[in-house]
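I opened my notebook to jot down what I looked up in this one. The entries are short, and I kept them in the order I went.

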Amino acid sequence: DGTLANGSSVSRTVGRSSKIDFATGVATPSLDDITIPTGIYGYVNLGVELRDEDSQPSIVMEGTYTHTDSSVIPIRFEFNSGEVFEAETSQQVDVTEDQTVLSKIVFDPQVWFSVVSRNALDNAQLTDGTIIISETKNASIFDLVADRLDVSTESTFQ
């Protein structure tokens with residue numbers, strides 16, 4: 001959604017499922033085909049809705065955690081919600097004819113987990129040797145991280 005300098009509003013919705021790789025930022029299929037009218041925008045709002053049609057998580061991140069005893073434990077974060085992440089900017093965005101403007105929402109997992117103490121991860125319950133953080137496993141850690149998801153989103157327009 002956006003507001004042009006002359007006060008008129010523009011809204012575009014693209015309904016499609018796409019898988020986005022956190023490491024590369026590449027979406028499959030691509031989400032780069034939204035056309036907006038030319039003009040100078042004084043306000044832009046970008047929203048992304050997560051899928052929640054079944055029990056498959058909409059966000060999955062995997063890595064390792066180094067316990068204070070130096071053991072390395074696999075860790076998996078699972079988020080399953082139809083949440084809509086919105087980011088807005090009041091910076092001026094000038095769109096000329098046949099110009100491509102890149103807009104993206106930036107998620108920062110370091111910010112998500114910054115509120116989780118080392119002690120909480122050291123004492124997390126393991127499932128088949130893995131720390132799983134989800135609504136049903138290690139729920140207290142999940143709640144902390146899930147609260148940070150929305151807080152840490154930001155948008156950029158180039």
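**Entry 1: a loop and a patch**

Where does I34 lie? I looked it up and found I34 in the loop between β4 (27-28) and β5 (39-49). A note to self before going on: this is a predicted model.

Next I asked whether I34 is buried or exposed. I got neither: its relative accessibility is 46%, so I34 counts as partly exposed. I34 also belongs to a nonpolar surface patch, which it makes with V14 and I36. I wrote down about 230 Å² for that patch.

**Entry 2: two strands side by side**

I moved on to strand β6 (residues 59-66) and strand β7 (residues 72-79). They pair in the antiparallel sense, and I noted 8 bridges for the pairing. I picked T64 and looked for its bridge partner in β7, which turned out to be P74.

Then I checked the turn of this hairpin, where 5 residues sit between the strands. S70 caught my eye there, as it takes a positive phi near 75 degrees.

**Entry 3: salt bridges**

How many salt bridges does a search of the whole structure find? I got 2. My reminder on the basics: side chains of opposite charge can pair when their charged atoms come close.

One salt bridge joins the side chains of R76 and E62, at 2.5 Å from N to O. R76 is in strand β7 and E62 is in strand β6, so this pair ties together parts that are 14 residues apart in sequence. I also found R76 in a salt bridge with E78, with the closest N and O atoms 2.5 Å apart. I drew E62, R76 and E78 as a network, since salt bridges link them.

Are these side chains buried or exposed? I have R76 down as partly exposed, with a relative accessible area of 22%. E62 has 62% relative accessibility, so I marked E62 as exposed.

**Entry 4: V10**

My last stop was V10, which has its place in strand β2 (residues 9-10). V10 counts as buried because its relative accessibility is 10%, and buried means under 20%.

Which residues is V10 in contact with, leaving aside its neighbours within four places in sequence? I listed D1, G2, L4, P37 and Y41. I also checked V10 against A87, which is 77 residues away along the chain. Their C-alpha atoms are separated by 16 Å.

Terms used:
Residues numbered from 1 in each chain as written. Predicted model: local features only at pLDDT ≥ 70, side-chain atom pairs only at ≥ 80, totals over all residues. Heavy atoms only, no water. Pairing = 2+ DSSP bridges. Helix = DSSP H or I, 4+ residues; strand = E, 2+ residues; numbered from the N terminus. Salt bridge = Lys/Arg side-chain N within 4 Å of Asp/Glu carboxyl O. Buried < 20%, exposed > 50% of the residue type's maximum accessible area, 1.4 Å probe, protein only. Contact = heavy atoms within 4.5 Å. Patch = residues over 30% accessible without salt bridge, like charges linked within 9 Å, V, L, I, M, F, W, Y side chains within 5 Å. Areas by Shrake-Rupley, 256 points an atom, 1.4 Å probe, with all protein chains shown as cover.
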